[in-house]
Amino acid sequence: MSTHPLAVVFITHRPQLKRTAQRIVGCAQRADDLLHDAYLKATAYPRAPLNEPVSYCHRIVRNLAIDEHRRSALEGNLFEETCEGFDDVGCPCASPERQAMGRQHLALLSQALAGMPERPRLAFELYQLEGLTLREVAARLDLSLSTAHALLRQAMDCCRAALPTE
């Protein structure tokens, strides 16, 4: 079995590719995850030889990092009261206090989700945990877009109510 030509690029240029991702997303752990995703995407199919394989790999990493950053920013704007601090739970660069607070909030949210009616809970899980778009949530649950949005809003309100006000 031959090695994919872009696999060699990812192996030899890993530090530079990781720096590209980390500059955009701001976290080494997220950068590692993005680098893995980029590697899988780049090596999924046989490719014709590229003139600039290193630039091509940097472009894939950069595009995925920008997508992640935009998604994070959008979710932060839509749900900032609920999601504040949760990225710190698994990030080793966060302070122990922020990690502990994030774990406590996650436990409270887990309890809130367990007591939530099924449809809002499913909408929340599909959107927040599985990363589906609102349109995909609506399609998966066979709902109109406005109904999916209303269910998601209901779930978010329930989650907000479960968290302490600070």
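Helix axes here are lines fitted to C-alpha atoms over the stretch in contact, and the angle between two of them runs from 0 to 180 degrees between N-to-C directions. Keep that in mind for the first stop. One caution before you click: this is a predicted model.

**Stop 1: helix 6 against helix 8**

Select residues 118-129, which make up helix 6, and show helix 8 with them; their axes come within 8 Å and cross at roughly 90°. Angles of 65 to 115 degrees count as roughly perpendicular, so helix 6 is roughly perpendicular to helix 8.

Now turn on side chains. On the helix 6 side, pick out Arg-119, Pro-120, Ala-123, Phe-124, Tyr-127 and Gln-128. Facing them from helix 8 are Thr-147, Leu-151, Leu-152, Gln-154, Ala-155, Met-156 and Cys-159. Colour this contact by residue type and you should get nine nonpolar, three polar and one charged.

**Stop 2: Leu-151**

Stay on helix 8 and centre on Leu-151. Is Leu-151 buried or exposed? Its relative accessibility is 8%, and the cut-off for buried is under 20%, so Leu-151 counts as buried.

What does Leu-151 touch, once you ignore its neighbours within four places in sequence? The partners to select are Arg-119, Pro-120, Ala-123 and Leu-143. Arg-119, Pro-120 and Ala-123 also belong to the helix 6 side of the contact you just looked at. For a distance check, draw a line from the C-alpha of Leu-151 to that of Glu-118: the two residues are 33 apart in sequence and 10.0 Å apart in space.

**Stop 3: the loop before helix 8**

Slide back to the loop between helix 7 (134-140) and helix 8 (145-162), and click on Asp-142. Look at its backbone: Asp-142 has a positive phi of about 55°, although it is not a glycine. With a relative accessibility of 70%, Asp-142 counts as exposed, whereas Leu-151 counts as buried.

**Stop 4: helix 2 against helix 3**

Next, jump towards the start of the chain. Select helix 2 (residues 14-25) and helix 3 (residues 28-42), whose axes come within 8 Å and cross at roughly 120°. The two helices are therefore oblique to each other, and their crossing is right-handed.

Which residues make the contact between helix 2 and helix 3?

- From helix 2: Arg-14, Leu-17, Lys-18, Ala-21, Gln-22 and Val-25.
- From helix 3: Ala-28, Arg-30, Ala-31, Asp-32, Leu-34 and Leu-35.

By type, the residues of this contact split into seven nonpolar, one polar and four charged.

**Stop 5: helix 1 against helix 3**

Keep helix 3 on screen and add helix 1 (residues 5-12). Here the axes are 9 Å apart and the packing angle is about 160°, which makes helix 1 roughly antiparallel to helix 3. This crossing is right-handed too, with helix 1 and helix 3 as the pair.

Leu-6, Ala-7 and Phe-10 come from helix 1, while helix 3 supplies Leu-35, Ala-38, Tyr-39 and Ala-42. Colour this contact by type and you get seven nonpolar, no polar and no charged.

**Stop 6: Leu-35**

Leu-35 sits in helix 3, and you have met it in the contact with helix 2 and in the one with helix 1. Leu-35 is buried, at a relative accessible area of 6%. Beyond its neighbours within four places in sequence, Leu-35 is in contact with Phe-10, Arg-14, Leu-17, Lys-18 and Val-61. The C-alpha atoms of Leu-35 and Arg-19 are separated by 9.9 Å, with their positions 16 residues apart along the chain.

**Stop 7: Val-61**

Follow the Leu-35 contact across to Val-61, in helix 4 (residues 53-83). Val-61 is buried, with a relative accessible area of 0%. Leaving out neighbours within four places in sequence, highlight its contacts: Phe-10, Leu-17, Thr-20, Ala-21, Leu-35 and Ala-38. Val-61 and His-36 are 25 residues apart in sequence, and their C-alpha atoms are 9.3 Å apart.

**Zoom out**

Reset the view and show the whole cartoon. How many helices and strands does the protein have? You should find eight helices and zero strands. Of the 166 residues, 33% count as buried. Among contacts with a separation of 6 or more, 62% are between residues 24 or more positions apart. Switch on the surface to finish: the accessible area comes to about 10400 Å², with 54% of it belonging to carbon and sulfur atoms.

Technical notes: Residues numbered from 1 in each chain as written. Predicted model: local features only at pLDDT ≥ 70, side-chain atom pairs only at ≥ 80, totals over all residues. Heavy atoms only, no water. Helix = DSSP H or I, 4+ residues; strand = E, 2+ residues; numbered from the N terminus. Parallel < 35°, antiparallel > 145°, perpendicular 65-115°, else oblique. Left-handed = near helix turned anticlockwise from the far one by under 90°. Contact = heavy atoms within 4.5 Å. Nonpolar A, V, L, I, M, F, W, Y, C, P; charged D, E, K, R; others polar. Buried < 20%, exposed > 50% of the residue type's maximum accessible area, 1.4 Å probe, protein only. Areas by Shrake-Rupley, 256 points an atom, 1.4 Å probe, with all protein chains shown as cover.
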